[in-house]
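User: Hey, I've got a protein to look at and no idea where to start. Can you walk me through it?
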Amino acid sequence: MQIYRILAKMPRDRDIFLRMPYLLRVFAGLTNRGAEETFSSLRNLNWAKSHVDLLRRRFKEVRTLCANKEIAIGVKSEAEFNGEYYRLPGGFVLAFPSGVQTFLRFEAEMFGDISDITFRQKMAEGFSQAVRAGNGWTTRRWRQFRVWRRKRQRTNEQVRDLAWGVERTLRCYADLNTVDRPEFDRGKSPLPFGPFFVGHPLEAGTHLSTFATNFLLLHELGHVKHGHDDERISTCCERQADDFAITAILSNQYDDSEKVANLVGAYFSLHILGRLEGLEQSQEHSTHPPAQRRIQALEARVEASNASLRVKNDFQAMTDHLSKLGQLFQSYKAAENMPHTVYRNLIGCISMGLEDLFKDQVLRWMLVGSSTMLCNYLGNLKYRLEQNLESLDEKTRLKALQEIYEVLELTKNVLPISSKLQFAYKNAAR
């Protein structure tokens, strides 16, 4: 409701909701409701709890754990990538970032968009098994030639655009703990996952993000399993949580294809986390071991397990493929060289004469829960612009300041946001 007070001040001829993430418009169309009403409903959804409910049906360890422990599961703004864990006298609380599921989906879809036939087939088989829809790949055989031709015809410029989308999305999440829909392969927008979307060109990535999210939730449930004290979480505790997640996957008695897909999802989650670790602006202490070390532990566990030779070979081949795709994307444009997301959007909108788009973008970021990181940067940037500490010509500097002043004016009656902006500005001035 605080955000709606901001929106009420916007000119009536500019509907910010028309530029909201694609899925919002999809849900609005499916429900025959307006975008504002749909967004209000979506804010009440708890994707983390719904996802754990799915895990309970597929993993005996999760089913037993949830039956024996009192666990509250929810979505929280501005939690770190791995989620947050609290142990209370009456049970446990797990809080997951509001944007991490969307972030993983966009990253996975861009990786999946350039993946080969074998990778697509393995992910489709694992997903079909997980949703108990049989081997869905048999209904997709007709796509093999089409996908092969599409990949052969992909130009170097298209790959570069895809790489830019991967890096830009990474940079945005590192800067703000949230993400907007990347501009890649227009016309192939992400769809809600499900076996009924047979033949969707991004299905490999959609499935990959589902299994990557599985690992995030299983890791936090590992803390519950071992009854860790949230005030005394150590590197050893994090390794135990990882071990629970990997053990749950490896001991799963369902089809090998589902086991492989979950293991590949765990690898992908840690691969993306490793990229984020290289982009962190602050050097705050973390109890988590470096992502690369966690990947090595995952690979060692799979190799030492009693899993079938097929599981081990498929896991090795698919993770090698993901690693090569990651190296390819990095070779085009390293996210480390990109300016801060807010700065890049601000200067870009000014250079194109689309200043109003910047304010709309800021409001979108606030809607999806990045207000603290966003306010910290905006307050700091306001001070730096006033002191002429940025390498900008005078005309651009004044326009940038005007944009930030207008954001402050729009949010001045929303105490949680205005107070953060003022606090960040005073901190910078010191």
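Analyst: Sure, let's begin with a term. A helix crossing is called left-handed if the near helix is turned anticlockwise from the far one by less than a right angle, and right-handed if clockwise. Also, keep in mind that this is a predicted model.

User: Okay, so which hand is the crossing of α4 and α5?
Analyst: Left-handed. Helix α4 covers residues 47-58 and helix α5 residues 60-68, and they pack at an angle of about 115 degrees with their axes 5 Å apart.

User: What residues make that contact?
Analyst: From α4 you have Val52, Leu55, Arg56, Arg57 and Arg58, and from α5 there are Lys60, Val62, Arg63 and Cys66. Sorted by type, that contact has four nonpolar, no polar and five charged residues.

User: Switching topic: how many helices and strands are in the chain?
Analyst: The protein chain has 19 helices and three strands. It is 430 residues long, and 52% of them count as buried.

User: What's in the largest nonpolar core?
Analyst: That core has 75 residues, and Phe81, Leu218, Val264, Phe268 and Leu298 touch the most other members. Helix α12, residues 256-277, gives the most to it, with eleven residues.

User: And what does Phe268 touch?
Analyst: Leaving aside residues up to four places away in sequence, Phe268 touches Leu104, Glu107, Ala108, Phe111, Leu208, Ala212 and Leu322.

User: Which residues are in the second core?
Analyst: That one is separate and has 28 residues, including Val362, Met366, Ala400 and Leu401.

Terms used: Residues are numbered from 1 along each chain as its sequence is written. This is a predicted model: local features need pLDDT of at least 70, side-chain atom pairs count only at pLDDT 80 or more; totals for chains, interfaces and linings use all residues. Side-chain values use heavy atoms; hydrogens and water are left out. A nonpolar core is a set of buried Ala, Val, Leu, Ile, Met, Phe, Trp, Tyr and Cys residues joined through side-chain atoms within 4.5 Å. Buried means under 20% relative accessible area, exposed over 50%, partly exposed in between (1.4 Å probe, protein chains only). Helices (H or I, at least four residues) and strands (E, at least two) are DSSP runs, numbered from the N terminus. Contact means heavy atoms within 4.5 Å. Axes are lines fitted to C-alpha atoms, for helices over the stretch in contact, and angles run from 0 to 180 degrees between N-to-C directions. Ala, Val, Leu, Ile, Met, Phe, Trp, Tyr, Cys and Pro count as nonpolar, Asp, Glu, Lys and Arg as charged, and the others, Gly among them, as polar.
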